Amino acid sequence: MILPIFAFGSPVLRKKGELVTKETPGLKELIANMYETMYASSGIGLAAPQIGSSLRLFIVDGAPIDTIKPANFKQTFINPEIITEWGEEWKYEEGCLSIPTVREMVSRKPELTIKYYDEDWVMHEESFEGMAARIIQHEYDHIEGVLFTDKISGLKKNLLKGKLSNISIGKVNHDYKMKFPIKK
Ligand code: NI
């Protein structure tokens, strides 16, 4: 089932997600719905809070990026924990399904090691670099209640204020299902 994506301004996007357990109701279905929703909106990552579920869970599929390493970068991250990040920060223009039409340069470290469970509750500890690391960092921020627009300079943030408040009332173009926190 395709779910609506919660827009900027939704309180759930600002909450720290709760730990997922094997007893979390409907977990398998939730994950399946998240993939369906991500593909329907042409995203490369989606975190549970973005569909209104305050959980430490996100999914990625880097297939639309030709140069991504590993080439088959499709994974479900349950209760992830970034253990270390390293290297010299690099900038890249990021976007977010919860903040349509906004793209801004964000600085992040190029390499990281992360521990997580997959959907079969197998624990992994892996290192990623470049775009794969960046997608993980962006989605990981979501489960911490952080958005990429928090990471840009004060000046740029000020310039964006009007646009962001318009997004929260649904005054924005989007070609996928969304849920806006404030009714016009
Ligand atoms: Ni995002």
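In which sense do strand S7 and strand S8 pair, and over how many bridges? Let's start there. S7 covers residues 111–117, and S8 covers residues 123–129. They pair in the antiparallel sense, over seven bridges. One bridge to find on your screens: Lys-115 is partnered by Glu-125 in S8. Together the two strands make a hairpin, with five residues between them. Look in that turn for Trp-121. Its phi is positive, about 60°, although Trp-121 is not a glycine. Trp-121 counts as partly exposed, because its relative accessibility is 23% and the partly exposed class runs from 20% to 50%.

A word of caution before we go on. This is a predicted model.

Now the metal. Which residues coordinate the nickel ion? There are three: Cys-96 through SG, His-138 through NE2 and His-142 through NE2. The distances run from 2.1 to 2.3 Å. Along the chain, the donors follow the spacing C-x41-H-x3-H. The pair Cys-96 and His-138 links distant parts of the chain, 42 residues apart. Cys-96 sits in the loop between strand S5, residues 90–94, and strand S6, residues 104–108. His-138 is in helix H2, residues 130–143.

Are these two donors buried or exposed? Cys-96 has 10% relative accessibility, so it counts as buried. His-138 is buried too, with a relative accessible area of 7%. The cut-off for buried is under 20%, so both values qualify. What does His-138 touch, beyond its neighbours within four places in sequence? The contacts are Glu-94, Gly-95, Cys-96, Arg-108 and Phe-148.

Stay with the loop between S5 and S6 for a moment. Thr-101 is found there as well. Its phi is positive, near 75°, and Thr-101 is not a glycine. Thr-101 counts as partly exposed, at 49% relative accessibility.

Next, helix H3, residues 154–168. How far apart are its ends? The end C-alpha atoms are 20 Å apart. With 15 residues at 1.5 Å each, the helix should span 21 Å, so the two values agree. There is still a kink in H3, of about 45°, centred on Leu-160. Leu-160 is buried, and so are Leu-164, Ile-167 and Ser-168 in the same helix. The buried residues of H3 pack against S6. Just after the helix comes Gly-170, with a positive phi of about 85°.

Ile-167 takes us to the nonpolar cores. The largest has 33 residues. Those with the most contacts inside it are Met-34, Leu-46, Leu-57, Ile-99 and Ile-167. Which elements give two or more residues to this core? They are helix H1, residues 27–40, strand S3, residues 57–61, and H3. H1 provides the largest share, six residues. Apart from this core lies another, of 19 residues, among them Val-60, Ile-65, Ile-82 and Phe-128.

Back to Ile-167 and its surroundings. Leaving aside neighbours within four places in sequence, Ile-167 is in contact with Ala-7, Phe-8, Ser-98, Ile-99, Pro-100, Val-102, Val-172 and Phe-180.

Two charged residues deserve a look. The first is Asp-61, in strand S3. Asp-61 is buried, with a relative accessible area of 10%. Its contacts, again leaving aside neighbours within four places, are Met-38, Tyr-39, Gly-43, Ile-44, Phe-73 and Lys-74. Asp-61 and Leu-46 are 15 residues apart along the chain, and their C-alpha atoms are separated by 9.2 Å.

The second is Arg-56, in the loop between strand S2, residues 45–47, and S3. Buried or exposed? Buried, because its relative accessible area is 11% and the limit is under 20%. Beyond its neighbours within four places in sequence, Arg-56 has contacts that include Gly-17, Glu-18, Tyr-140 and Glu-144. Phe-77 is also one of the contacts. Arg-56 and Phe-77 are 21 residues apart in sequence and 8.3 Å apart in space, C-alpha to C-alpha.

One last stop. Which two residues does a cis peptide bond join? Lys-69 and Pro-70, with omega about -5°. To find Pro-70, go to the loop between S3 and strand S4, residues 74–86.

Key:
Residues numbered from 1 in each chain as written. Predicted model: local features only at pLDDT ≥ 70, side-chain atom pairs only at ≥ 80, totals over all residues. Heavy atoms only, no water. Donors = N, O, S within 2.8 Å, 3.2 Å for Na, K, Ca; no water. Helix = DSSP H or I, 4+ residues; strand = E, 2+ residues; numbered from the N terminus. Buried < 20%, exposed > 50% of the residue type's maximum accessible area, 1.4 Å probe, protein only. Expected span 1.5 Å × (residues − 1). Bend = angle between axes of the 7 residues up to and from the residue. Contact = heavy atoms within 4.5 Å. Core = buried A, V, L, I, M, F, W, Y, C linked by side-chain atoms within 4.5 Å. Pairing = 2+ DSSP bridges.
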